[in-house]
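Please open the structure in your viewer and keep the sequence beside it. The stops below each begin with a selection to make.

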Amino acid sequence: MNSIKTLSRKVVFIIVAALLSCLVFTACGHKLSGKYKGEDGSVIEFTSDENCKMYSSSSSGFVEGTYHWADDDKCYYLEFSNYWTGGIRVKATVDGNKLTVQYSGMEQVLTKE
């Protein structure tokens with residue numbers, strides 16, 4: 001009887017640990033980090049706290065923004081409220097080390113540095 005209780009506790013512990021691991025890995029799976037650079041010298045830099053910065057490697061100016069994962073659309077949305085022309089929201093997807101950003105009917109591919 002005691003061995004059954006011990007076995008039951010171990011099984012419950014393993015199930016709980018597995019569920020917590022899944023939750024942690026799922027939540028972290030949609031965080032971006034690092035720098036992505038385009039052929040034109042444009043850079044988008046991500047931090048783990050869902051902030052981002054966009055700038056050109058040939059300029060000292062930059063624009064700060066935020067990003068979030070949209071589960072329904074299976075993509076990221078980057079929002080820059082202090083963009084030179086006002087607020088802007090762009091759609092982004094990641095495939096390996098490539099970040100594809102779509103805005104104003106155009107598409108730009110940036111590569112992770």
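Over which residues does pLDDT stay under 50? Select residues 11-28: pLDDT (the predictor's confidence in each residue, from 0 to 100) stays under 50 there, and the model has 0 contacts (heavy atoms within 4.5 Å) beyond four places in sequence for this stretch. Where pLDDT is low, the predicted coordinates should not be read in detail. For the protein, the mean pLDDT is 79, with 72% of residues reaching 70 or more.

This is a predicted model, in which local features need pLDDT of at least 70 and side-chain atom pairs count only at pLDDT 80 or more, while totals for chains, interfaces and linings use all residues. Residues are numbered from 1 along each chain as its sequence is written, and side-chain values use heavy atoms, with hydrogens and water left out.

Next, select I44, F46, Y67, L78, F80, L99 and V101, which have the most contacts inside the largest nonpolar core, a set of 16 residues. Such a core consists of buried (under 20% relative accessible area, 1.4 Å probe, protein chains only) Ala, Val, Leu, Ile, Met, Phe, Trp, Tyr and Cys residues joined through side-chain atoms within 4.5 Å. Strand 5 (75-83) is among the strands (DSSP runs of E, at least two residues, numbered from the N terminus) that each supply at least two residues of this core, and strand 5 gives the most, with 3 residues.

Now centre on L99, which, leaving out residues up to four places away in sequence, touches Y36, I44, F46, A92, T93, V94, Q108, V109 and L110.

Finally, select G41, in the loop between strand 1 (34-37) and strand 2 (42-46). G41 counts as buried because its relative accessibility is 8%. Apart from neighbours within four places in sequence, G41 is in contact with Y55, S56 and S57; the C-alpha atoms of G41 and S56 are separated by 5.6 Å, although these residues are 15 residues apart along the chain.

Conventions: Helix = DSSP H or I, 4+ residues; strand = E, 2+ residues; numbered from the N terminus. Buried < 20%, exposed > 50% of the residue type's maximum accessible area, 1.4 Å probe, protein only.
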